[in-house]
Amino acid sequence: MVSRQSLAHGPLGTSLLDIERARRGTGDWSEVHRTLAHIGPLIDGRDANLFLGVPAMALALHLAADGTDRYAGALRTLDAAIDHHTRQRLSIAHARIDAGRRPAFVEYDLFRGLTGIGALLLRREPRGPQLKRVLEYLVRLTEPTLGVTGETVPGWWVDHAPASDTTATPGGHANAGLAHGISGPLALLSLALRAGVTVDGHEAAVHRICRWLDQIWQDEHGGPRWPRWVSHRGPADTQPAVPSWCYGTPGLARAQQLAGIVLADQARKQMAERALLHCLSDPSQLDTVADRGLCHGFGGLLRTAQRVAQDAESPATFGDHIDMLTGRVLSVDAPEDPGFLIGRAGAALAFQDAASGTEPQGRWDTCLLLV
């Protein structure tokens, strides 16, 4: 059943909580194994992605292996399938660029696209050739292209709308978010640089994305915010945007903090940290968050703040804010959904390290491109 192998909503996603508990000694590895043994048969081919099928299972097994030889045989089999999958997707993506057509989210984004595959490869095969090929593709993605009327638009400009509302972005848009927009590739490119994995044009691509984000940011009462997207009508309104991991200041701040670190751009790093601190100090923004989930709830905001604090100039400045977010998590109802992305499992994962001053543990947020 397809839903079983969904990292976002199925038992494969909830297994990440079981894995982290077992890793910490508060859970049982036998329970992890029972869950993972009943996930298949796995989807491969064009529908597979970091959050579904073979790549999703590879991430779960990698986390469950935790540096041991557990699941070594299964992981070798999955690695071979992912290698083939990545080659096919890259071939299609490069052919699309060569033909002068614009991309779709499904080609490049974190959830369904090559950025998500790259996040997995950075964890599984950081020195392998396929990761470098994904990074080379992302460098090409950042190069400007021509729009329908001959104007210059970012290479990640898509013709479709960001959601089901097809009237939101007539003529397409360039998305800024971490989940579906260019901040996902920015985070992956930066994390790869941090790990010492580089390709031709790598730093130039990071600079190019950062310059675009600088062009669209808006000063809101002393703190920067970024619109969710830019269309031919201009930037989307920043005011209604929920400050979340997937869209809004938190995810963009983490991606730009990582860029500042790898570019030795102290001003950008400090700006990103100030932006998140301003967001966390603004009740009008926090009051728009309505649930505990990772994607657009307090769970994701909490984990993002923990990762930013970990790399911050002064981690202690985030302590009170992390305490506040912990209280906010408990102030809203637990999700009805049991899953990882918007449900109880993800919220519980984020809450495990909620104590102020606690270093965030585990690497389950690899699939969120926070680490």
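**Exercise 1. State where Leu 369 is found and describe its backbone and its accessibility.**

Solution. Leu 369 is found in the segment after α15, the helix of residues 344–351. The model under study is a predicted one. The next step concerns the backbone. Most residues other than glycine have a negative phi. Leu 369 is not a glycine, yet its phi is positive, at about 60°. The last step concerns accessibility. Buried means under 20% relative accessible area. Leu 369 has 2% relative accessibility and therefore counts as buried.

**Exercise 2. Locate Tyr 71 and give its phi.**

Solution. Begin with the helices on either side: α3 covers 54–65 and α4 covers 72–98, and Tyr 71 lies in the loop between them. Its phi is near 60°, which is a positive value in a residue other than glycine.

**Exercise 3. Describe the protein as a whole: its elements, its extent, its contacts and its surface.**

Solution. Start with the secondary structure, which consists of 15 helices and seven strands. The globule rule gives 21 Å for 371 residues, and the radius of gyration of the protein, 19 Å, is close to that value, so the protein is as compact as a globular protein of that length. Along the principal axes, the C-alpha trace spans about 60 × 50 × 40 Å.

Turn next to the interior. Of the 371 residues, 58% are buried. Among contacts with a separation of 6 or more, 67% join residues that are 24 or more positions apart.

Finally, consider surface and charge. The accessible surface comes to about 14600 Å², and carbon and sulfur atoms hold 52% of it. There are 36 positive and 40 negative side chains, and the centres of these two sets lie 4 Å apart.

**Exercise 4. Determine the strand order of the open sheet of three strands, and explain which strands have a side without a neighbour.**

Solution. The order is β3-β6-β7, and the pairing is antiparallel. Strands β3 (173–175) and β7 (234–235) stand at the edges; each has a single partner strand, so one side of each is left without a neighbour in the sheet. As a general point, strands of a sheet pair through backbone hydrogen bonds. The pairing of β6 (residues 229–231) with β7 is antiparallel and runs over two bridges. At residue level, Val 230 has Pro 235 in β7 as its bridge partner.

**Exercise 5. Decide how far helix α6 is enclosed, and identify what its buried residues pack against.**

Solution. Helix α6 covers residues 114–124. Of its 11 residues, 10 are buried, so the helix is largely enclosed by the rest of the structure. The buried residues include Leu 114, Gly 116, Ile 117, Leu 122 and Arg 124. The packing partners of these buried residues are α3, α4, α5 (105–108), α7 (129–141) and α8 (183–194).

**Exercise 6. Describe the surroundings of Thr 169.**

Solution. Thr 169 is placed in the loop between β2 (152–153) and β3. Its relative accessibility is 2%, so Thr 169 counts as buried. Setting aside neighbours within four places in sequence, its contacts are His 160, Ala 161, Pro 162, Trp 229 and Ser 231.

**Exercise 7. For Ala 267, Arg 225 and Pro 338, give the accessibility class and a C-alpha separation from a second residue.**

Solution. Take each residue in turn.

- Ala 267 is part of helix α11 (residues 266–280). The cut-off for exposed is over 50%, and at 52% relative accessibility Ala 267 counts as exposed. His 296 is 29 residues away along the chain, and the two C-alpha atoms are separated by 28 Å.
- Arg 225 belongs to strand β5 (residues 223–225). Arg 225 counts as buried, at 8% relative accessibility. Arg 225 and Asp 28 are 197 residues apart in sequence, with 43 Å between their C-alpha atoms.
- Pro 338 sits in the loop between α14 (319–331) and α15. With a relative accessible area of 43%, Pro 338 is partly exposed. Leu 368 is 30 residues from Pro 338 along the chain, and their C-alpha atoms are separated by 18 Å. Not counting residues up to four places away in sequence, Pro 338 touches Thr 14, Gly 343, Arg 344 and Ala 345.

Terms used
Residues are numbered from 1 along each chain as its sequence is written. This is a predicted model: local features need pLDDT of at least 70, side-chain atom pairs count only at pLDDT 80 or more; totals for chains, interfaces and linings use all residues. Side-chain values use heavy atoms; hydrogens and water are left out. Helices (H or I, at least four residues) and strands (E, at least two) are DSSP runs, numbered from the N terminus. The radius of gyration is taken over C-alpha atoms; the globule rule is 2.2 Å times the number of residues to the power 0.38. Buried means under 20% relative accessible area, exposed over 50%, partly exposed in between (1.4 Å probe, protein chains only). Contact means heavy atoms within 4.5 Å. Accessible areas come from the Shrake-Rupley method with a 1.4 Å probe; for residues, only the protein chains shown count as cover. Lys and Arg count as positive and Asp and Glu as negative; His and the chain ends are not counted. The place of a charge is taken as NZ of Lys, CZ of Arg, CG of Asp or CD of Glu. Two strands pair if DSSP finds at least two bridges between them.
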